[in-house]
Amino acid sequence: MDFISEDRRITGVVFKGKRTRELSADAAVSVVDVFKSYRSADGHETPVLRDIDLDIRRGEFFSLLGPSGCGKTTLLRILAGFEQANSGAVLIGGRDMTGIPAYQRPVNTVFQSYALFPHLNVADNVAFGLKQKGIRGADLKTRVERAMDTVQIGAFGNRKPDQLSGGQRQRVALARAIVNQPEVLLLDEPLSALDLKLRKQLQVELSNLQEQLGMTFVFVTHDQEEALVMSDRIAVMNKGRIEQLGRAEELYERPRTAFVANFLGSSNLIHGKVLEVGPENTLIDTKFGPLRTLQTGGLRAGQDVTLSIRPEKLRMERDDETEGNEIRARVDDIVYTGAENQYLLEAAGERLVAFQLNADIGADEDFDYDEEVALYLPPASLVVLEEN
């Protein structure tokens, strides 16, 4: 690490071995080449974070998304100061946090378990952090009331946590965190213990709260829909690494790897070999026949590739219109989910899945079991994945 002034603010270049990286000027959080492993009783080292490198922008709702064991909560705990990385650095507001204990960091954490004090009422729970800082009197009362009103629990100040619903307790935890006005709010799967309807409601409210406060939120979740609904950007994590980072639409529409394609919703994966790369599209030989994709960059004839296409992008038809990118399939099963029908299809010995919104299905478009159909795969929706 270099160019650290006396207030520990990084103003220049961070050195990473033989490489260098400029810190983003608008970064609320910078994670620089962080590696973390745990040592077992027999001395075996198990890496849980491998060379994590990212910048989280000021005022951004940023999500760490991935399955259990991918390292997302460990990374959040390192940002909070509850754990230390084996190597690398964390910067918050441009300040190096190496060796800075959790209570001195400009962050607050909201936990899945709420971590409320059961013997204190709501107002005293919210006020606890401010009192620890020596804030008293009218300033304390004003800040506590403002925080409680912001998360819509102003009427519950005298209640104890056991007199509240799960959603209300989560709001208390949020109020207790934002009342301290941290630079960054860390949220560790805060909605996972709630029922589905309440979870969806709080997703919207939490997104609106972040926008209202203009605060940087770093949100950990394993729920793909949750991340897609709330986030400005998402880092999809897998086996201790960031598999892909980008906006929700970018990750969903243009996944880079099979893991991202399958973790963010459903995806049909089709293996093939590049036959021809043209100026505007690429022809790929598959077991279903030749298919065209609009991707051309980095592809070459003879290359083995995997294509991804989302189930809702497949167009089911009764007649083969011979416009190209069509394959024959048979309806093997139909799953009714209310808003849509999910068609499980068999084609050339492979399983494909197509979704159709029920609002779009008319009497002549409702397909039946064992029916032969034509599937149209739009070239713009066929994504060539990177090989891991």
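Start the tour at helix 4 and helix 5, whose crossing is right-handed, a crossing being called right-handed if the near helix is turned clockwise from the far one by less than a right angle, and left-handed if anticlockwise. The model is a predicted one, in which local features need pLDDT of at least 70 and side-chain atom pairs count only at pLDDT 80 or more, while totals for chains, interfaces and linings use all residues. Residues are numbered from 1 along each chain as its sequence is written, and side-chain values use heavy atoms, with hydrogens and water left out.

**Helix 4 and helix 5**

Select residues 196-213 for helix 5 and display its axis with that of helix 4: the two come within 12 Å and cross at roughly 15°, where axes are lines fitted to C-alpha atoms, for helices over the stretch in contact, and angles run from 0 to 180 degrees between N-to-C directions. That angle makes helix 4 roughly parallel to helix 5, since angles under 35 degrees count as roughly parallel, over 145 as roughly antiparallel, 65 to 115 as roughly perpendicular and the rest as oblique. Next, pick Gly 167, Arg 171, Leu 174 and Ile 178 in helix 4, which meet residues of helix 5 including Leu 198, Gln 201, Glu 205 and Leu 213; contact here means heavy atoms within 4.5 Å. By class, this contact has 7 nonpolar, 2 polar and 2 charged residues, with Ala, Val, Leu, Ile, Met, Phe, Trp, Tyr, Cys and Pro counted as nonpolar, Asp, Glu, Lys and Arg as charged, and the others, Gly among them, as polar.

**Helix 2 and helix 4**

Keep helix 4 (residues 166-178) selected and add helix 2 (residues 122-132), whose axis comes within 7 Å of that of helix 4 and crosses it at roughly 30°. Helix 2 is therefore roughly parallel to helix 4, and this crossing is right-handed. The residues to show are Val 122, Asn 125 and Val 126 in helix 2, which meet Val 172, Ala 175 and Arg 176 in helix 4, a contact made up of 4 nonpolar, 1 polar and 1 charged residues.

**Aromatic pairs**

The structure holds 6 aromatic pairs, a pair being rings of Phe, Tyr and Trp (its six-membered ring) with centres within 6.5 Å, and planes under 30 degrees apart counting as stacked, over 60 as edge-to-face and the rest as tilted. Staying at helix 2, select Phe 117 and Phe 128, a tilted pair at 4.6 Å centre to centre with 50° between the planes. Phe 117 lies in the loop between strand 8 (107-110) and helix 2, and Phe 128 in helix 2, 11 residues apart. Phe 117 counts as partly exposed at 27% relative accessibility, and Phe 128 is partly exposed at 33% (buried means under 20% relative accessible area, exposed over 50%, partly exposed in between, with a 1.4 Å probe and protein chains only).

Move on to Tyr 343 and Phe 367, whose ring centres are 5.9 Å apart with planes at 85°, so the pair is edge-to-face. Tyr 343 and Phe 367 are both buried. Finally, Phe 61, Phe 217 and Phe 219 form one aromatic cluster.

**Helix 1 and the whole chain**

Select residues 72-80 for helix 1, which is mostly covered, with 7 of its 9 residues buried, among them Lys 72, Thr 74 and Leu 75. Gly 81, which follows helix 1, has a positive phi near 95°.

Zooming out, the secondary structure of the protein chain comes to 8 helices and 22 strands, which are DSSP runs (H or I of at least four residues for helices, E of at least two for strands) numbered from the N terminus. Of the 388 residues, 51% count as buried.
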